[in-house]
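Colleague: Could you walk me through how the ligand is held in this model?

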Amino acid sequence: MVQILVINGPNLNLLGTREPGVYGAVTLAGIEERLRARAGSRAELQFRQSNHEGDLVGWIHEAGRNGTGVILNAGAYTHTSIALRDAISGAGATVIEVHLSNVHARESFRHRSTIAPVARGVIAGFGPLSYDLALEALLDGREGACA
Ligand code: DQA
């Protein structure tokens with residue numbers, strides 16, 4: 001079965017109480033539940049969250065080694081982390097970058113992503129549905145066809 005690793009970065013463990021006007025009321029457990037329901041028997045999902053950049057780097061290496069597709073919400077590291085970008089390109093991992101909020105409609109420091117140039121694609125602004133759309137992109141197998 002297709003293996004997919006869902007990686008959530010810093011502060012996403014606070015979803016549900018964190019800035020609900022921006023991120024809504026959904027918890028990370030809620031996102032996991034709906035994504036598992038959507039995947040059904042089509043994919044085996046693993047969910048991980050960390051507030052530490054090095055954890056995310058290690059998990060991306062692991063996914064690259066194992067050929068596991070990654071749905072990555074790197075939180076604020078999206079905008080700052082060269083280490084994450086290098087991890088993705090170095091490990092050859094297939095990564096879809098996701099965001100709950102439309103980062104381009106927010107502060108200018110959120111408009112830049114260090115990860116986007118090495119990601120297969122970017123999905124932002126659809127709340128929990130962003131994760132679902134990333135799952136469909138990974139399962140479709142034609143992702144990247146318009147690179
Ligand atoms: C986020 C957007 C980031 O700018 C922010 O730092 C987050 C969450 C999102 O899902 O909308 O932590 O990645």
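Modeller: Let us begin with a backbone contact: a backbone N or O atom of Ala76 lies 3.1 Å from an oxygen atom of the ligand. This is a predicted model, in which local features need pLDDT of at least 70 and side-chain atom pairs count only at pLDDT 80 or more, while totals for chains, interfaces and linings use all residues. Residues are numbered from 1 along each chain as its sequence is written, and side-chain values use heavy atoms, with hydrogens and water left out.

Colleague: How far from an oxygen atom of the ligand does a polar side-chain atom of His79 lie?

Modeller: His99 also has a polar side-chain atom placed 2.8 Å from an oxygen atom of the ligand. For His79, the distance from a polar side-chain atom to a ligand oxygen is 2.7 Å.

Colleague: What share of the ligand's accessible area does the protein cover?

Modeller: Accessible areas come from the Shrake-Rupley method with a 1.4 Å probe. On its own the ligand has 320 Å² of such area, and the part that the protein covers is 99%.

Colleague: Which residues surround the ligand, among the charged ones?

Modeller: The shell divides into four nonpolar, five polar and three charged residues, where Asp, Glu, Lys and Arg count as charged. Among the surrounding residues are Tyr23, His79 and His99, and the charged ones are Arg18, Arg106 and Arg110.

Definitions and conventions
Near = heavy atom within 4 Å. Polar contact = N/O pair within 3.5 Å; in protein donor to acceptor, adjacent residues only side chain to side chain.
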